[in-house]
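Colleague: Please take a close look at one packing contact in this model, and then set it beside the other contacts that you have computed. Give the cut-offs as you go.

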Amino acid sequence: MPDRRSRNARSAEARRGVVGQPGGMTTTSARPAPEPGGPAAEDSGGHAASESALELTGLRRTFGDKVAVDGIDLAVPRGSFFGLVGPNGAGKTTALSMATGLLRPSGGRALVHGINVWRDPVAAKRVLGVLPDGLALPERLTGGELLTYWGRFRRMPAGVVADRAAELMRILELEEAEELGTLVGEYSTGMRKKIGLATALLHTPRLLVLDEPYEAVDPVSARVLTAILRRFTAAGGTIIISSHVMSLVESLCDRVAIIAAGSVLADGTLDEVRGGRTLEDRFVELVGASELGEEDLAWIGG
Amino acid sequence: MDRWLISLKLTMLRHSTPGMRMAGWAIGGALVVVTWAAALNAGNDAARHSILTLGLLLWGVGTAIGPVLMSGSGTLRPGYFTLLPMSRPVLGRGLLVSVYVSVAAGVVLAALLATGVHAVLLSPAALAVAVPGAVLTWILLVALSRLVYGLLGAAMGSRAGVEIASIQFGLMFAGMFAGWIPVQVAIERTPDFLATGFTDAAVARGLDLSPTSWAVLAVERAARGDWGGALLLLGGLAVLAAAVIAATIPLLVPSAEPARRRRGRRRSARLVAGGGWLPATPTGAVVAKEVRQWSRDAWRMIETQSGVWTGVLIGAFALASEDLDGVAAFAGLIITFMVGISACTVYGQDGTAVWLDVVSQDAGSVRADVRGRQWGVVLTFLPKILLVSVVFVLLSQAMWAVPILLAAIPALLGAATGAALIVAAVGVSPGVDPRQRVGPNDAVGNITFHVWIAMLLMQAAVLPTGAMVLLHLLAPAPWTAPALVVVGIANGFGAAWALGRVTIGYLDKRLPDLYSRIRYGQVFRTDDGARTGWAGALDWFESSTLKGEQQAKALKQKQREAQRAKVKV
């Protein structure tokens, strides 16, 4: 089943022709980019295959007068673990929404494995697994019911859905809540993140786009999450996460982009962006910081 | 402390919608006037006794359940004070006292003082009993209202709360469609009641047992010179009020225990994921999800149940009237009609959860979603429609209505699922996102326009069945009844298919726009010029509902700014 899906996606890619490498890309991933489920090189034939799992070109979104995303260019090489960092309101979620087909861009384009998300959404969405931040789910289903619904809605065979749902619930430690009949609407924030991740993984996507996946997740679950994500990239999948926890991005990602006020301020491998310092120092230097003055809050502490 | 809580409460009341408050005062004032007028116009002392005991019992019931029906911003919720350094009894007393300071409580007191009319007419000296009697009854009733509220939990928290709210909505709709029937019955019977009161001694004795009647009884005893008996009754009221207050205060203070709820039996994830009797197709998945949402989401439960109660109440009204009892057989058909209105916000109910549809868009996924939602509506409503129909056909003995119902219910239900889905998709009205919803009305914007369009579409879609019904009634022949049923069923499937098809065609291209309207309150589309024909009509409905939502939002923003400006001045 997953094989059929990825074959479909690849043939769609082949049909559409393959997009050349953009000049703006900082570096090409040094490592080879294997495909989960089989080699892809043959499919691409003699074309210069797009090496990017996700490629944003001049992507722009305005809300009235406010420019939320200001023509960003980003290329995420296949097989990379990519961290998108930025302060609150930088445009991370807006950019990722446009990349995943949730928000129509005002300009520019988003390619997922060479497929234009807004021209051929069906083919692009087969490759994508998405965990949005702060959106509703079918709140009145239990986690298990949600995964069952989701898998079958995605045309997966019932047996596969049942096995994967049970395994995901077990590994993500949501089994007890399921036994108690806890509804998704009653889940804690961390549990919501976990069940959201399970929906993103269920159909074996090749590109995972995760908006704040670690938010409110306890340290033990975070370890499990990291192990899952590492296994996903080891199998050749690509992950993009957004976060404002610098240490987390530093420990996980091999590539980083810093965005603020809708623009990309830095983009490249982790070491290129850090330039010998910590990511946080570099981030604060680029974004700017407001200091706490000597006389501010002098009364604090009694 | 108590004063501080009262002033906090008055401040919150000032922030409630002025229109609603005015309407509440006007209705409450009118009911007080009616109570006093009835007491003054009674034919004799016995009739006045009947009127007062019945009237005060109604006031008692109204006071007890009123706050559940309209838990407004005037309520101080115990949760607000959890973190304050304050002892529980002090807070409980403050919260209870604050309940007595409100317009609604004042209205209740004004009505209860109608007992004074009785006293003055019997023997003015009995007024000395009537006033304390009214005040004690008032203390009892207001405390009782908090007790009931506390026991039922917040109106939305429990199944009982959902049902009460649904009955209220049902009454409202039934009143709009058929309210004249009970009014007519009442007009026919009121003069007799005012003149003579209850002629049935058992009813009168039963009413006397209610504590709301004790003040009236005490007044009568005092008028007869039995002051001891009067004091005894007042004492009984005081003891009862004290007992209710003692039971209420612990419920008013914040509970330190976490609310633990468990749904049904324990189950395993494997069972959930594997089982189920629906086909393991995308459409089957949507149906399973939708049926669960309809039976578990408080807001959707209110949508279903208020439709059901509308039908049941109109049926009951019709049964009460001698000329119209045949109409009662169509109670189930009225519910079917309400389906089109109840379900015309299904996408808005999902809120931003629609992202799941967007990111999983696939060939046929939109079709599965629309068809699955239609079947979900059918599976949710049809059993209730059938049950109510059977009961009311039997009660009204109108067997002639059976073939009409067998044709009209499937026809109208099919049309309703189709019309509701078009309106829900093209005119999506999101309201507050599911996670932030507190009350049932959080989920809807102004959907008057949606309801009109849904009703128009339904009526147009069932024209063939309507024509057959006319033929069957005007020129009955042996073949018209079976033909009617066949036409009705075919009409239902046809309407559901065709209207669903329109929705699928629309959403196939505009699924991201549906999400945009929910998430961002606007549509981001730069392409296509004006379209014509059906597509043009859809575009018109889309843009006018969107404009309506945006205008409502802008208006609210303006009001907020105006209020802020006022506060600054």
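**A helix pair and its surroundings**

Modeller: Helix 6 of chain B and helix 11 of chain B are roughly parallel to each other, the label for angles under 35 degrees (over 145 is roughly antiparallel, 65 to 115 roughly perpendicular, the rest oblique). This is a predicted model, in which local features need pLDDT of at least 70 and side-chain atom pairs pLDDT 80 or more, while totals for chains, interfaces and linings use all residues. Residues are numbered from 1 along each chain as written, chains are lettered from A and ligands numbered from 1 in the order written, and side-chain values use heavy atoms, without hydrogens or water.

Helix 6 covers residues 115-122 of chain B and helix 11 residues 211-224 of chain B; their angle is about 15° and their axes are 10 Å apart. Helices are DSSP runs of H or I with at least four residues, strands are E runs of at least two, and both are numbered from the N terminus. Axes are lines fitted to C-alpha atoms, for helices over the stretch in contact, with angles from 0 to 180 degrees between N-to-C directions. The crossing is right-handed, that is, the near helix is turned clockwise from the far one by less than a right angle.

From helix 6 of chain B, Thr115(B), His118(B), Ala119(B) and Leu122(B) meet Ala215(B), Val216(B), Val219(B), Glu220(B) and Ala223(B) of helix 11 of chain B, contact being heavy atoms within 4.5 Å. Six of these residues are nonpolar, two polar and one charged.

In chain A, helix 5 (residues 143-153) packs against helix 8 (residues 189-201) at about 20°, with axes 10 Å apart. This pair, too, is roughly parallel. Helix 5 of chain A also passes helix 8 of chain A in a right-handed crossing. Gly143(A), Leu146(A), Leu147(A) and Trp150(A) of helix 5 touch Ile195(A), Ala198(A) and Thr199(A) of helix 8. That contact has five nonpolar, two polar and no charged residues.

Between the chains, 48 residues of chain A contact 51 residues of chain B. The buried area is about 4700 Å², 59% of it from carbon and sulfur atoms; buried area is the accessible area (1.4 Å probe) lost on putting two parts together, summed over both. Arg104(A), Arg152(A) and Phe153(A) supply 15% of what chain A buries there.

The interface has four salt bridges, each a side-chain nitrogen of Lys or Arg within 4 Å of a carboxyl oxygen of Asp or Glu. Glu145(A) forms a salt bridge with Arg296(B), at 2.8 Å between the closest N and O atoms.

Notes:
Nonpolar A, V, L, I, M, F, W, Y, C, P; charged D, E, K, R; others polar.
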